[in-house]
Number of protein chains: 2
Amino acid sequence: MAGLEDVARAAGVSASTVSRAMSRPDMVAPATLERVRAAAAELGFRANPAARALTTGRTGYLAMVVPDLHNPFYGGVISGAQRAAERRDVRLVITVTDGRPEREAAALRDLAGQVDGFALLSPVSTTADLTAARRRAPVVVVNRRVPGVTSFTADTPGGLARIFDRLGELGHTDVGYLAGPPGSWMDRRRRAELRDRAGRHGLRLREFGPVRPAFAEGAAAADEIVASGCGAVLAYNSLLLLGLLFEFGRWGIRVPTDMSVAAADDMAFADLPGQPVTALRVPAVELGRRAADALLAMAGGTGRRPASRTLPTEVTLTGSVAAPPARR
Amino acid sequence: MAGLEDVARAAGVSASTVSRAMSRPDMVAPATLERVRAAAAELGFRANPAARALTTGRTGYLAMVVPDLHNPFYGGVISGAQRAAERRDVRLVITVTDGRPEREAAALRDLAGQVDGFALLSPVSTTADLTAARRRAPVVVVNRRVPGVTSFTADTPGGLARIFDRLGELGHTDVGYLAGPPGSWMDRRRRAELRDRAGRHGLRLREFGPVRPAFAEGAAAADEIVASGCGAVLAYNSLLLLGLLFEFGRWGIRVPTDMSVAAADDMAFADLPGQPVTALRVPAVELGRRAADALLAMAGGTGRRPASRTLPTEVTLTGSVAAPPARR
DNA sequence: GTGAAAGCGCTAACAG
DNA sequence: CTGTTAGCGCTTTCAC
């Protein structure tokens with residue numbers, strides 16, 4: 001591994017000049033800069049991040065604290081964050097919590113001082129713990145809104161509401177909602193929104209779950225949902241809906257003839273030809289990008305913390321939503 | 001952030017003693033050890049990994065180079081690796097390559113010297129590049145076998161072969177295989193195995209794809225597969241099979257009456273009640289654990305590189321596989 | 001068994 | 001604009 005000193009020698013300058021050339025090119029004479037760059041390229045020089053961290057106090061790492069890597073939504077968020085981070089030569093450290101608050105707390109504790117900031121995806125910690133964490137390191141939250149903490153969310157409650165309204169117009173009377181992870185802030189918001197809508201339209205909202213948002217859980221819930229007599233069901237995410245559809249298929253329940261369906265995210269359905277399933281288009285990658293950018297801005301220490309944002313979701317009502325089957 | 005010096009002061013010893021107490025407890029008198037530990041706990045001391053990296057040359061980071069976070073198989077591998085790593089107080093850095101060799105090469109280049117080792121999941125680089133990388137840093141490969149590089153794979157070709165054999169016994173004559181990512185080593189192995197089997201049994205193997213292993217691609221491929229007249233189809237992974245099943249469901253194609261199906265991994269189907277789909281149980285978490293352990297052993301520098309392993313896959317033939325429909 | 005001192009590779013004043 | 005100097009927080013000889 002070539003070091004600063006090696007490059008300096010090769011370029012005939014001092015180590016500090018090399019350092020400056022790399023991190024503040026405008027402070028170096030053009031001619032020198034060029035020589036240094038040539039030498040650095042020649043030797044394949046890459047600054048040792050540990051050494052840099054020691055002097056600057058910035059580690060060049062961002063922590064992504066994620067409940068579950070099987071859920072493609074988080075995959076999207078992480079991809080987005082990674083792209084944003086690598087542009088600034090920052091790396092992503094990943095911690096899987098299985099949605100357990102104690103593991104979230106452990107990540108916050110163990111990684112404090114080792115990263116320049118934390119992106120917590122759908123955190124389950126208390127608001128108090130989250131705001132407390134913010135005092136020790138830059139923190140942003142994705143898929144939950146926490147007062148006092150920069151948060152990035154998608155407006156899935158709003159999107160679901162639109163689907164719900166449409167179901168009402170179509171003449172549905174009983175609409176199911178298969179709820180997501182217990183303790184999920186976002187799930188609570190969606191339910192609250194749907195209840196409100198149901199009340200206004202005089203529809204019955206049937207709530208199922210909460211369940212872990214996985215294919216198997218969706219499949220397992222199908223039974224109860226069908227038995228309940230719902231003519232439509234909204235699922236917390238696309239994995240759950242996939243599970244439902246799988247079981248519906250096995251039992252010969254036709255979509256949307258016998259049952260209308262929709263999901264609060266489109267991760268599994270993205271790029272499907274002909275959009276056969278109504279699902280909210282959720283900007284997962286964009287959420288990740290914003291989270292990383294916000295964290296880096298905070299670590300940059302350029303003043304106030306970045307504003308929270310709720311990104312709109314897109315709904316395209318498609319063939320999976322239709323009028324209810326004739327009353328039995 | 002409490003430092004070594006703070007703990008030393010609190011415990012009434014020198015910084016070196018604290019350092020030893022933390023990393024080589026046996027070199028410290030029991031009584032001293034206890035005092036130091038108490039002080040460290042009291043102050044919430046955590047060694048600064050950057051400083052440690054600088055002196056020891058070990059960074060405490062492992063790179064996970066992964067093609068695609070939407071694929072739950074990689075989620076499993078990463079979870080396993082993370083658990084193994086955190087036990088030794090090592091962190092995971094993640095890089096998403098989208099299955100592009102140049103991004104793989106970039107990760108190897110940019111992270112060299114910044115991590116203690118690389119776990120490459122389903123890498124697409126040439127064998128030459130991979131073996132070359134091994135000279136610069138510890139490298140292990142998951143889901144591919146590379147001569148001279150410690151590799152961890154699951155015997156999915158063998159598992160698929162068993163399913164294929166069973167289809168033969170059941171009287172199938174035309175079996176489809178929906179192939180995975182172009183350039184995938186593992187996919188080539190599976191095809192080779194299936195071709196061999198087909199030859200021996202006098203079955204026709206119909207190959208579809210290769211396609212990106214995602215739900216949408218499975219759905220898109222359903223058309224062609226049905227049209228081909230296959231009575232059974234094996235899919236590169238469970239995401240693809242889900243896509244197929246989704247389309248089959250829409251068209252009223254019944255499984256297994258009209259079509260037998262199976263997938264080469266069970267990630268999406270894990271924990272499904274009643275195992276309605278034949279899929280190989282792939283030890284993803286275990287693969288990740290082994291990869292991390294091997295890397296840490298290599299970084300430990302305790303001599304020879306760890307041996308490669310192919311882990312067995314489990315097949316339980318279930319209701320999604322049956323005799324072919326009567327010839328039309 | 002413990003302390004003093006040197007130094008890992010870099011950045012950041014501070015002179016010049 | 002560039003070089004010199006002093007650490008960042010640890011680990012590690014080397015004495016004691």
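Buried means under 20% relative accessible area, counted over protein chains only. Keep that cut-off handy for the first exercise; the model you are working with is predicted.

**Exercise 1. Decide whether A:Cys230 and B:Cys230 are buried or exposed.**

Step 1: Take A:Cys230, which has a relative accessible area of 4%. Since the cut-off is under 20%, A:Cys230 is therefore buried.

Step 2: Turn to B:Cys230, whose relative accessible area is 3%. B:Cys230 is buried too.

Step 3: Now look for disulfides. A search of the whole structure, over all chains, finds zero.

**Exercise 2. Describe the protein surface near DNA strand C.**

Step 1: Begin with the residues. There are 25 around DNA strand C, and those that come nearest are A:Leu4, A:Ser19, B:Thr17, B:Thr32 and B:Thr55.

Step 2: Sort the surface by residue type: eleven polar, ten nonpolar and four charged.

Step 3: Switch to the DNA side. Sugar or phosphate accounts for 62% of the strand C atoms within 4 Å of the protein, and bases for the rest.

**Exercise 3. Find polar contacts to DNA strand C, then the elements around it.**

Step 1: Check the phosphates. The side chain of B:Thr32 has an N or O atom 2.2 Å from a phosphate oxygen, and for the side chain of B:Thr17 the distance to a phosphate oxygen is 2.4 Å.

Step 2: Check the bases. A polar backbone atom of A:Ala51 is 3.2 Å from a base nitrogen.

Step 3: List the elements that give two or more residues to this surface: α2 (15-23) and α4 (49-56), in chain A and in chain B. With five residues, α4(A) gives the most.

Terms used
Residues numbered from 1 in each chain as written. Chains lettered and ligands numbered in written order. Predicted model: local features only at pLDDT ≥ 70, side-chain atom pairs only at ≥ 80, totals over all residues. Heavy atoms only, no water. Disulfide = S-S within 2.5 Å. Buried < 20%, exposed > 50% of the residue type's maximum accessible area, 1.4 Å probe, protein only. Near = heavy atom within 4 Å. Polar contact = N/O pair within 3.5 Å; in protein donor to acceptor, adjacent residues only side chain to side chain. Helix = DSSP H or I, 4+ residues; strand = E, 2+ residues; numbered from the N terminus. Nonpolar A, V, L, I, M, F, W, Y, C, P; charged D, E, K, R; others polar.
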